[in-house]
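User: Please walk me through this model with short questions and answers.

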Amino acid sequence: MEAGEAATSQYRRSKYITAVIVGFVLTVILGILLSDQGAGRFVLPGVFVGVSSIASLNKQHLVSLLLFVGGAILFAHAAWDMEGWAQTVGWLAAIAGVVMWFVLRARAWRSADGAAGERTTGASSMETAEDEIHLSVTAGQVRRVITSQAFRGGVVSMTLGSLEIDLQGALLDENGASLSVSSRMATVTLRVPGDWVIELSGSQKLSKINDERAASPNEGPKLSLIINTSVGAFNITDR
């Protein structure tokens, strides 16, 4: 499973690098074709346009729009020597996109570290329509029923006890979902619809993953499941 996780990470890096290169190269080529300026004047606009592609792939659409608009205005200024205000507006849009990018990345890092989200102990059962789950459980018996119609995944940690996550009433986001689950000395049960494709990665130490689904489809909505368990069990079922 570690190999599968590495392959997924490599694929994502390749996709991002390709997006940057394509956006950059197309911008520079267009600049040369549409003006009599040298290629060097279009390097910076090309960088902003290329990076906007990464933001778009990460579904950070406002960031992508700001970077693209900034790059496009700087491109126009470089190609046709527009008024000075155009360069100022382009820089402001691009800088706003970069700042928003770092803000969103900081939030994502906090979530990945378990700093954000619900923390609970004891017994609880709850239904939620949120598109992401961020949950940390210590010494509890917890059940979460997720009814989101565009589930994107989340980060869950479980120490001592049992956790059930019921996704049978949920639909995945159009780009699929990624759910990271870490458990120690615990039993985790994940209930999923029978037509979902489950992509597994992670590591297990003195623990076991039980895939109890009636079938394992190869096509359909895909949930990337990253499981890191230590002394316990992880059960996947469609019942």
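**Contacts, cores and surface**

User: What share of the contacts in the chain with a separation of 6 or more comes from residues 24 or more positions apart?
Analyst: A contact means heavy atoms within 4.5 Å. Counting contacts with a separation of 6 or more, residues 24 or more positions apart account for 56%.
This is a predicted model, where local features need pLDDT of at least 70, side-chain atom pairs count only at pLDDT 80 or more, and totals for chains, interfaces and linings use all residues. Numbering starts from 1 along each chain as its sequence is written, and side-chain values use heavy atoms, without hydrogens and water.

User: In what order do the elements run from the N terminus?
Analyst: Helices (H or I, at least four residues) and strands (E, at least two) are DSSP runs, numbered from the N terminus. The chain has four helices and six strands. Their order is α-α-α-α-β-β-β-β-β-β.

User: Which element gives the largest share of the largest nonpolar core?
Analyst: Such a core joins buried (under 20% relative accessible area, 1.4 Å probe, protein chains only) Ala, Val, Leu, Ile, Met, Phe, Trp, Tyr and Cys residues through side-chain atoms within 4.5 Å. This one has 28 residues, and Leu167, Leu190, Leu223 and Phe234 touch the most other members. Elements giving two or more residues include β2 (132-146) and β6 (222-237). The largest share, six residues, is from β4.

User: How many residues does the second, separate core hold?
Analyst: Its members include Phe48, Ile54, Leu74 and Trp101. The count is eight.

User: What percentage of the 239 residues is buried?
Analyst: The whole chain enters this total. The buried share is 38%.

Definitions and conventions: Buried < 20%, exposed > 50% of the residue type's maximum accessible area, 1.4 Å probe, protein only.
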